[in-house]
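Let's take a walk through this structure together, one stop at a time. Please keep the viewer open as you read.

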Amino acid sequence: YRCSNLPFLTRTQTQRSKLQHRRARINQQINKEMRMRAGAENLFRATTNNKVKETVALELSFVNSNLQLLKEELEELNSNMEVYQTESEAINVPMIPLGLKETKEVDLTVPLKDVICEHYGEDSSLFEKEIKEFMELRQAMRTPSRNEAGLELLMEYYNQLYYLDQRFFPPHRTLGVHFHWYDSLTGVPSCQRALAFEKGSVLFNVGALYTQIGARQDRSATAGIDCAIDAFQRAAGAFNYLKENFSNAPSLDMSGPSLCMLVRLMIAQVQECVFERVTLTTPDTHFITQLQVAKEAARVRGRVCLCTMSQTLVKDYVPFSWASMVQVKAEHFRALSHYNAAVALCDHTQSIEEGSDEESAKALFQFHVSSPAGPPLSQVLRDPEDRRKLGKAHLRCAVIRHEEAMRVHGLCKILRKMDILQEVLSFMYKRSLDKYSEMDREDDFDETAEAPEIHSQTQHKPDITPPNFSTVPVTDIFQRLGPLSVFCARARWGPVRVVSLQRGDGGLGLTLRGDSPVLVAGVVPGGCAQEAGLREGDYIVAVDGEDFKWAKHGEVVHVLKSCSDRGIQLSIITLHTHDTQVRVLVVVSLCVCLHLINRTAPLLNWNRKKTGGGGRATKRLGSTFSLPFGNLRDCESMY
């Protein structure tokens, strides 16, 4: 009995926190034991002393034994599904949630300051606030809450990693920072310097968090079922996006086979929720609708069997409790499909007689995978005794499958501890057994026939919902460094030049284009701008000491027009790759013009497959492509 929901929520969050802390402790112990094993193996290979080899071999056996015990303890924690389940009074089969990947603390302060100083030429001490903000965001991301706020936190950090990648990680160089992440299921540590590993691990946790949110929904009502369906579909989308966009993962949980298994597992759990919604919303008083419920159960069974946990690369990796749960569910829903078939045949005699014979016959003809033994189905529909015998055959199959589900359940120690699962299996088994006893007659000496399998069909095909990074808009923490179009790790520019520009009789003698920052598109030969040292391709980053990196075109024009006779000081930079970028922009502009002239010719088919959530792109005639250097507008001003 609970007086309010607050103590329950607090208790549940505390249980999850304890579980996560225990996982972190075991991960650290596994890391320690693996380092000891690596050292012992190196010593064993290097030494020629037989006594030393014997001692090392004995030590290795102890280390391997400890590792096995730690992995079994971690597997039990990973299989602790009850912590993430709902406390609803309704009896539902538990869902399989996934634990989050753990990570070590990483101090990026020194590497980021070095890049700010060396690459951007800025005083790194002025960016301590931004660095601290990013480090605090990463620290908070390590322990997200199990709700929408936690998802937003992970997505926010993921989107910020896009900006961090653009600002501080050039294509052929790393910062020397190692990102440590532990395998979600085995606790084996992995370490890489690539920022893609950090991004992939965060995305994995997004999917894992969706599985926990889906598992805790109250599925006794359609609203909770719909929320669970949405969560599991989004989890499948996150894992599928990770599988398609990140390769060569160092940890098994992010490998292709494991992610493929997780996607299929999430889709199977979506189908399970669909079945629960159908049983809640479908009236059980009609023959055809009851057959549809049986087909839905068969569909769940088929989806569960596709989880591929028996593959060579996966079966030795996933927890035994997971494989056992999948097998239990396959037998359980197979039994439910046969039970609902029996209910349709034996309990809905009136609906068959009142309905259309042609409609009922068509539904029954399309129901079985193969024709059942005995009289033709058209006779079965008209004869109550034949319907009873066929229904009894389906009930016999249901009872057998329920018994098999309970047998597999009893073989797994972890599943035996799950009271709710035991309660569901026992309740459904007793229901089928009572129904079978009710239909069994003393004078029924005919041997019960074997019921054929049931066609699977669903009213709701599961979707794989990819992550939508734009739902959590973020502002670049390091935006004071300047617009990414110019001030990024991939760009190279010369030192800042300060030029004094004074208006002459013919004006300033320059042409400006674009904004943020404004580009010097051209200079008049012999004009004031050329004499001051301005060149085509220069960017204006400051005016009279005031930062103008983010200034719009109109702002710079206004300042230049209002300059006094004393002139104005412009801080200028020149991109080393400017000529190349101008040529790319000209090619793009030429393609746009050709497309406008001849609309049958396709525009450049560039896509943004692997850009982050904060990527900036411009839409042109149905194609998406990234601008080479910023938001260059068509506006062009000459002074």
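Does H332 count as buried or exposed? The model you are looking at is predicted, and in it H332 has a relative accessibility of 2%. Anything under 20% is classed as buried, so H332 counts as buried.

To see the surroundings of H332, start with its own element: H332 is found in helix 11, which runs over residues 320-347. Of the 28 residues in helix 11, 23 are buried, so this helix is largely enclosed by the rest of the structure. The length of helix 11 also makes a nice check: at 1.5 Å a residue its 28 residues should span 40 Å, and the end C-alpha atoms are indeed 40 Å apart, which agrees. Setting aside neighbours within four places in sequence, H332 is in contact with V93, H402, A405, V424, L425 and M428.

Several of those partners turn up again at our next stop, the pair formed by helix 15 (residues 384-411) and helix 17 (residues 419-439). These two pack at an angle of about 155 degrees, with their axes 9 Å apart. Angles over 145 degrees count as roughly antiparallel, and helix 15 and helix 17 are therefore roughly antiparallel to each other. Helix 15 passes helix 17 in a left-handed crossing. On the helix 15 side, the contact is made by R388, G391, K392, L395, R396, A398, V399, H402, E403, A405, M406 and H409. Helix 17 contributes L421, Q422, L425, S426, M428, Y429, S432, L433, K435, Y436 and M439. By class, this contact of helix 15 with helix 17 has 12 nonpolar, six polar and five charged residues. As you scan those lists, remember that an α-helix has 3.6 residues a turn, so residues three or four places apart point the same way.

Next, look at helix 8 (residues 256-281) and helix 9 (residues 287-305), which pack at an angle of about 165 degrees with their axes 8 Å apart. Helix 8 and helix 9 are therefore roughly antiparallel to each other, and helix 8 passes helix 9 in a left-handed crossing. Here I267, A268, Q271, E272, V274, F275, V278 and T279 of helix 8 meet V293, E296, A297, R299, V300, R303 and V304 of helix 9. The residues of this contact divide into nine nonpolar, two polar and four charged.

How are helix 3 and helix 5 placed? Helix 3 (residues 109-118) packs against helix 5 at an angle of about 50 degrees, with the axes 11 Å apart. That makes helix 3 oblique to helix 5. L112, V115 and I116 of helix 3 make the contact with L164, R167 and F168 of helix 5; five of these residues are nonpolar, none polar and one charged. Helix 5 (residues 148-168) also holds Y162, which counts as buried at 11% relative accessibility.

Finally, turn to the loops between strands. S516 is found in the loop between strand 4 and strand 5, and a cis peptide bond joins S516 and P517, with omega about -10 degrees. Phi of S516 is near 50 degrees, a positive value in a residue other than glycine. D544, in the loop between strand 6 (538-543) and strand 7 (546-547), also has a positive phi near 50 degrees. S516 is buried, with a relative accessible area of 9%, whereas D544 is exposed at 52%.

Methods: Residues numbered from 1 in each chain as written. Predicted model: local features only at pLDDT ≥ 70, side-chain atom pairs only at ≥ 80, totals over all residues. Heavy atoms only, no water. Axes fitted to C-alpha atoms, helices over the stretch in contact; angles between N-to-C directions. Helix = DSSP H or I, 4+ residues; strand = E, 2+ residues; numbered from the N terminus. Parallel < 35°, antiparallel > 145°, perpendicular 65-115°, else oblique. Left-handed = near helix turned anticlockwise from the far one by under 90°. Contact = heavy atoms within 4.5 Å. Nonpolar A, V, L, I, M, F, W, Y, C, P; charged D, E, K, R; others polar. Expected span 1.5 Å × (residues − 1). Buried < 20%, exposed > 50% of the residue type's maximum accessible area, 1.4 Å probe, protein only.
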